[in-house]
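Biologist: Please take a close look at the salt bridges of this model and at the parts of the chain that they join. I should also like to know how far the confidence of the prediction is given for the rest of the chain.

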Amino acid sequence: MLLLYFGFEAAVACWTLRSGLTTTAEMKLFYLLTLLVLLVSETVMTFVGRKKRNLYSCVTAVLILANVGASLAYRMNQVKTENVDEVSHSKQYFEDIILMLIVFGLVYFTVRFTRIYQLKTVNLIIIAALPAVLFVTRIGGEKSGGAYISFFGILIFAVVLAGYPFAAAYFLSREENRYLHGGVRSMPLNLASFLGYTFILYIGCVICNEFGLLLVVGITSTMLFYIRSRNFRTKLLYTAVCGMGALMSCIMIGHIQERVYIWMHLSEITPDDPLAGKAESVLYVFRNLPRTGFWGNGLGSIPVSIYPTLNTDHAFAALILEYSLVFAAIILLISILYVKALLAGCHADDLYDYILNLCCALIIGTIILIHIGSNLGSSITAGVGMPYVSEGSAVNIMLVALTAVHCGIYERGRRHALSEEKEIYED
């Protein structure tokens, strides 16, 4: 596996460095340093996680995606004019990788060897903090591009998604000994509380114009509800309410209404159309695919100006047009295998850990789905980067933290299961 990883890393590095991009020696150095750190990480995982298949496959997928992210960050350093860009994306990505490794280690050991995150007080603080972050940010936050809003330099997109799995696990793991009265008596009170809390987050997302965050939380919460609800009538009622809410949003909220209009009229929008800039990367993919061909034009062959946000929203579009359709398909396959590894939470010790792991997997899977869907024109928004491939310190650190939560839960549960098997064998 290490040889396979090394071959992939070497191929991507050669492809990137030989693509003729004009960069400084410092940018090239940080790109190579990033690859070195990733290679060392994979080497350590090969020996440490040899018998821990799920942990190994999950982390390896992250490191492969990070390899691609490093190359895309290096590509962003292409000189647009006579002067080099002020921001060194290679250096920034290198610093992000170091932070990600530190965060992964801290979160993994915390979840693996302690249960601090399950304390009621900790969960109640998280539950109270997430809506507060949304509403406070609406007052004092700053736009950092698109609909993204940051507070003290940290995107609330990352903050809310980092805390939401713990809130969901707290609500959905409570005892189901009390029920709502009336027509939906079959709905447990803890499930109704979870829906009410999520609805408050919806309102906060709308107020902050965080449409990408709204989509991720909405899809994740819906999947959790369908999985936890045992009554078909309740599921139908929930589906009807969601449908009405989506319809009202399309009618009443101008931003969403515009997105839906663009989505339904993509074939009519030309590059000169005023809406072209908001039509997302579908225009850049399908209008340029005939001239880039099946195998792509090579990294850096397409002007950076054609991607309004190449380093975030349009990462998958760049993989298709510059790296080739084949390479993009490989990255898609690795992403699918990554989410499949995340869903392997059957060894969780208790219901809280099971739901926490499931929510982490659903969030990351939803982000991948939205990003690829928007790049291919099947989703009405881009606004969400490709995990580890797109730049974004706060978001990638949030994603690696959720991955570390999964790995900690899986490994502790696996050890517990092995201990039980040993006891049964000894008896």
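**Buried charges and their partners**

Modeller: Arg-75 is buried, with a relative accessible area of 0% (buried means under 20%, exposed over 50%, partly exposed in between, for a 1.4 Å probe and protein chains only). The model is a predicted one, in which local features need pLDDT of at least 70, side-chain atom pairs count only at pLDDT 80 or more, and totals for chains, interfaces and linings use all residues. Residues are numbered from 1 along each chain as its sequence is written, and side-chain values use heavy atoms without hydrogens or water.

The partner of Arg-75 is Glu-322, and the closest N and O atoms of this salt bridge are 2.8 Å apart (a side-chain nitrogen of Lys or Arg within 4 Å of a carboxyl oxygen of Asp or Glu). Glu-322 is buried as well, at a relative accessible area of 0%. Because Glu-322 belongs to helix α12 and Arg-75 to helix α3 (residues 53-75), the pair ties together parts that are 247 residues apart in sequence (helices are DSSP runs of H or I with at least four residues, strands of E with at least two, numbered from the N terminus).

Helix α12 (residues 315-323) also packs against helix α13 (residues 325-342), at an angle of about 145° and with the axes 6 Å apart (lines fitted to C-alpha atoms over the stretch in contact, with angles of 0 to 180 degrees between N-to-C directions). On the α12 side, Phe-316, Leu-319, Ile-320 and Tyr-323 make the contact, while α13 contributes Leu-325, Phe-327, Ala-328, Ile-331 and Leu-332 (contact means heavy atoms within 4.5 Å).

In total, four salt bridges are counted. Beyond the pair described above, Arg-115, Asp-350, Asp-353 and Arg-412 are linked in a network of such bridges. Within this network, Asp-353 meets Arg-115 at 3.9 Å, N to O. That pair links distant parts of the chain, 238 residues apart, with Asp-353 in helix α14 (residues 351-375) and Arg-115 in the loop between α4 and α5 (120-140). The relative accessible area of Asp-353 is 0%, so this residue is buried. Arg-115, in contrast, is partly exposed, with a relative accessibility of 36%.

Asp-353 also forms a salt bridge with Arg-412, where the closest N and O atoms are 2.3 Å apart. Here helix α15 (residues 393-426), which holds Arg-412, is linked to helix α14, which holds Asp-353, across 59 residues of sequence. Arg-412 and Asp-353 are both buried.

Helix α15 carries another charged residue, Glu-411. With a relative accessibility of 2%, Glu-411 counts as buried. Leaving aside residues up to four places away in sequence, Glu-411 touches Lys-52, Leu-55, Tyr-108 and Arg-112.

As to confidence, the chain has a mean pLDDT of 80, and 77% of its residues reach 70 or more (pLDDT is the predictor's confidence in each residue, from 0 to 100). Of the elements of the chain, helix α4 (residues 89-113) has the highest mean pLDDT, at 93, and strand β1 (residues 142-143) the lowest, at 58. Over residues 80-85 the pLDDT stays under 50, and the model gives this stretch eight contacts beyond four places in sequence. Residues 418-427 also have pLDDT below 50, with zero contacts in the model beyond near neighbours in sequence.
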